[in-house]
Amino acid sequence: MGMSEGGDVLEGQPEQVGPAPWLALACLVGLLLAYVVLTNFTGELRTALWGEPGTVTEADCRTYDNTVANAGTSTSCSGAFTPDDGGASFNVPVEGDIDAQPVRAWLVDGTSGTAYVSPTWWAGALPVGLSLLLAGLPAAVTVKHVRRVRAQRRRDPLYGSDPESSA
């Protein structure tokens, strides 16, 4: 009888003590994807969150022919950024639509940074939200799984000790 009880206890705990390997893998993949998203949006993200406001004037774009390197053409824009706080203007690279000048822009990293023309809250919310989803969803599932396993482990010794105390 004691042997069958021991077998029943082992069969009652088919789940592992720690999180399942697929949950750990999902967390790692989620963190990696979140890192990739945040690094690809870093400049515009930082600008949307902490950029220095100002205006860009005298913006000019140049198109470079990279067909020799099989890269097509690329466009690079620069202009004079004037901070709203009244500081002196200085030339910076500019990202965004500069058709109607002067344009509102936000600058990151001081005079050596890039001025982003009118970054929206979406520029900050999209990468942060996507990163939280990619990293947070697997983490939340893992936490739920660990809590369920711990609750299962707490219940099993109670059931296992009842027959012994009554015998």
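Of the 167 residues in the protein chain, 25% are buried. The model discussed here is a predicted one. Its secondary structure amounts to four helices and five strands. Read from the N terminus, these elements follow the order α-α-α-β-β-β-β-β-α.

Helix 4, spanning residues 121–166, is a convenient place to look at individual side chains. Leu137 belongs to this helix. With a relative accessible area of 51%, Leu137 is classed as exposed, because the cut-off for that class is over 50%. Leu137 also has a partner far along the chain: Ala26 is separated from Leu137 by 111 residues in sequence, while their C-alpha atoms are 9.0 Å apart in space.

Further along, His145 is likewise placed in helix 4. Here the relative accessibility is 11%, so His145 counts as buried, the limit being under 20%. The His145 side chain is engaged in a polar contact, with the side chain of Arg148 as its counterpart at 3.0 Å.

Helix 4 is also home to Arg154. At 60% relative accessible area, Arg154 is exposed. Together with Arg147, Arg150 and Arg153, Arg154 forms a positive surface patch. Its accessibility fits that role, because patch residues must have over 30% relative accessible area and Arg154 has 60%.

Helix 4 thus offers a pleasant contrast for anyone browsing the model: His145 is buried, whereas Leu137 and Arg154 are exposed.

How values were computed. Residues are numbered from 1 along each chain as its sequence is written. This is a predicted model: local features need pLDDT of at least 70, side-chain atom pairs count only at pLDDT 80 or more; totals for chains, interfaces and linings use all residues. Side-chain values use heavy atoms; hydrogens and water are left out. Patches are made of residues with over 30% relative accessible area and no salt bridge: like charges are joined within 9 Å, nonpolar side chains (Val, Leu, Ile, Met, Phe, Trp, Tyr) within 5 Å. Accessible areas come from the Shrake-Rupley method with a 1.4 Å probe; for residues, only the protein chains shown count as cover. A salt bridge is a side-chain nitrogen of Lys or Arg within 4 Å of a carboxyl oxygen of Asp or Glu. Lys and Arg count as positive and Asp and Glu as negative; His and the chain ends are not counted. The place of a charge is taken as NZ of Lys, CZ of Arg, CG of Asp or CD of Glu. Helices (H or I, at least four residues) and strands (E, at least two) are DSSP runs, numbered from the N terminus. Buried means under 20% relative accessible area, exposed over 50%, partly exposed in between (1.4 Å probe, protein chains only). A polar contact is a pair of N or O atoms within 3.5 Å; within protein, one must be able to donate a hydrogen and the other to accept it, and residues adjacent in sequence count only if both atoms are side-chain atoms.
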